Amino acid sequence: MPKGEPSKQSIATRKYEAKAGWMSKTYKLKRDVVTQFAEACDKAGVSQASQLTKMMMGFIEKNK
């Protein structure tokens with residue numbers, strides 16, 4: 001659960017995310033790579049999260 005005194009909405013959101021299997025991850029990447037990736041996603045009209053998921057799933061399938 002969020003720290004401090006979270007709002008009821010924050011608590012509900014965290015509860016939903018946990019139940020639905022969502023997870024936040026943090027990675028350290030070079031700024032120029034992140035910027036170029038964001039620009040490429042914007043140009044392609046896709047969200048960064050959906051593209052990362054697609055690339056991760058492809059890598060998983062390739063390396064089973």
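1. A friendly place to start is Lys-19, which is found in helix α1. Please keep in mind that this is a predicted model. Lys-19 has a relative accessible area of 79%, so it counts as exposed, the cut-off for that class being over 50%. If you would like a sense of distance in this part of the chain, look from Lys-19 to Glu-5: the two are 14 residues apart along the chain, and their C-alpha atoms are separated by 21 Å.

2. Stay with helix α1 for a moment, as it also holds a salt bridge. Helix α1 covers residues 8-20, and both Arg-14 and Glu-17 lie in it, three residues apart, or about one turn of the helix. The two side chains form a salt bridge in which the closest N and O atoms are 3.7 Å apart; this pair passes because the rule asks for a side-chain nitrogen of Lys or Arg within 4 Å of a carboxyl oxygen of Asp or Glu. Both partners are partly exposed: Glu-17 has a relative accessible area of 29%, and Arg-14 comes in at 38%.

3. How many salt bridges are there by this rule? The count comes to two, and the other pair to look at is Lys-64 with Glu-61, whose side chains meet at 3.1 Å, N to O. Here Lys-64 is exposed, at 75% relative accessible area, whereas Glu-61 is partly exposed, at 48%. Glu-61 lies in helix α3. For another distance to try on screen, take Glu-61 and Phe-37: they are 24 residues apart along the chain, with C-alpha atoms separated by 22 Å.

4. Next, the nonpolar surface. Tyr-27, Leu-29, Val-34, Met-56, Met-57 and Ile-60 make a nonpolar surface patch of about 600 Å². Which element gives the largest share of this patch? That is helix α3, residues 48-62, with three residues. Met-56 is one of the patch residues and lies in helix α3. Its relative accessible area is 43%, so Met-56 is partly exposed, and it can belong to a patch because the cut-off there is over 30% relative accessible area, with no salt bridge.

5. The pocket is worth a slow look. The largest pocket has a volume of about 660 Å³. Of the 15 residues that line it, the closest to its centre are Lys-25, Tyr-27, Ala-49, Leu-52 and Met-56. Two elements, α2 (31-44) and α3, give two or more residues each to the lining. Helix α3 provides the largest share, five residues. By class, the lining has ten nonpolar, four polar and one charged residues.

6. Finally, a suggestion for where to rest your eye: helix α3 ties several of these points together. It gives the largest share of the nonpolar patch and also the largest share of the lining of the largest pocket. Met-56 appears in both places, as a member of the patch and among the residues closest to the centre of the pocket. Tyr-27 likewise helps make the patch and is named among those closest to the pocket's centre. Glu-61, the salt-bridge partner of Lys-64, lies in helix α3 too.

Terms used:
Residues are numbered from 1 along each chain as its sequence is written. This is a predicted model: local features need pLDDT of at least 70, side-chain atom pairs count only at pLDDT 80 or more; totals for chains, interfaces and linings use all residues. Side-chain values use heavy atoms; hydrogens and water are left out. Patches are made of residues with over 30% relative accessible area and no salt bridge: like charges are joined within 9 Å, nonpolar side chains (Val, Leu, Ile, Met, Phe, Trp, Tyr) within 5 Å. Accessible areas come from the Shrake-Rupley method with a 1.4 Å probe; for residues, only the protein chains shown count as cover. Helices (H or I, at least four residues) and strands (E, at least two) are DSSP runs, numbered from the N terminus. Buried means under 20% relative accessible area, exposed over 50%, partly exposed in between (1.4 Å probe, protein chains only). On a 1 Å grid over the protein atoms alone, a cavity is a set of points where a 1.4 Å probe fits but cannot get out, and a pocket is an open set with protein on both sides within 12 Å along at least five of seven lines; lining residues have an atom within 4 Å of a point. Grid points are joined across faces, edges and corners, and a volume is the space filled by probe spheres set on the points. Ala, Val, Leu, Ile, Met, Phe, Trp, Tyr, Cys and Pro count as nonpolar, Asp, Glu, Lys and Arg as charged, and the others, Gly among them, as polar.
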